[in-house]
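Take a short walk through this model. Keep the sequence and the 3D view side by side.

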Amino acid sequence: FVVCHDDTLERVAGEKINVEEVSLPVIQGITLCDKDGTKNRLDLIPPTLENYLSICKKYEKLSVLELKTEFTDEEIEKGLSMLPKMD
């Protein structure tokens, strides 16, 4: 799973790449734009769900997830299994 608000990476990376139509290695080869619009930081890449949750935990932020496309029950179960267990 890749965390991305839009269908494409155009707004955040200047690339007209549809996230659902390419492989994870292709997506993670895309550098996102920094706050100043440059693409100088090679560590700014679209995060996987696991990366996103790890970043939220590291900075003590609440994660908000919204499924914007259709997923099979199996795909949803796989995604849910990645979420931390609530006490």
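Contact here means heavy atoms within 4.5 Å. With that in mind, start at alanine 13. Leaving out residues up to four places away in sequence, Ala13 touches Ile30, Thr31, Leu32, Cys33 and Lys39. Note that the model is predicted.

Ala13 also belongs to the largest nonpolar core. That core has eight residues. Alongside Ala13 it includes Leu9, Ile17 and Val19. Ile27, Ile30, Leu32 and Leu44 are members too. Two of these names, Ile30 and Leu32, are also among the residues that Ala13 touches.

Now turn to the aromatic rings. The structure holds one aromatic pair. Its partners are phenylalanine 1 and phenylalanine 71, with ring centres 5.7 Å apart. Their planes meet at 50°. Planes under 30 degrees apart would count as stacked and over 60 as edge-to-face, so this pair is tilted.

What does the pair tie together? Phe1 lies in the segment before α1 (10–13). Phe71 lies in the loop between α3 (49–58) and α4 (73–81). The pair therefore ties together parts that are 70 residues apart in sequence.

Are the two partners buried or exposed? Phe1 has a relative accessible area of 37%, so it is partly exposed. Phe71 is partly exposed as well, with 29%.

Stay with Phe71 for one last look. Apart from neighbours within four places in sequence, Phe71 is in contact with Phe1 and Ile76.

Note on methods:
Residues numbered from 1 in each chain as written. Predicted model: local features only at pLDDT ≥ 70, side-chain atom pairs only at ≥ 80, totals over all residues. Heavy atoms only, no water. Core = buried A, V, L, I, M, F, W, Y, C linked by side-chain atoms within 4.5 Å. Buried < 20%, exposed > 50% of the residue type's maximum accessible area, 1.4 Å probe, protein only. Phe/Tyr/Trp six-rings, centres within 6.5 Å; stacked < 30°, edge-to-face > 60°. Helix = DSSP H or I, 4+ residues; strand = E, 2+ residues; numbered from the N terminus.
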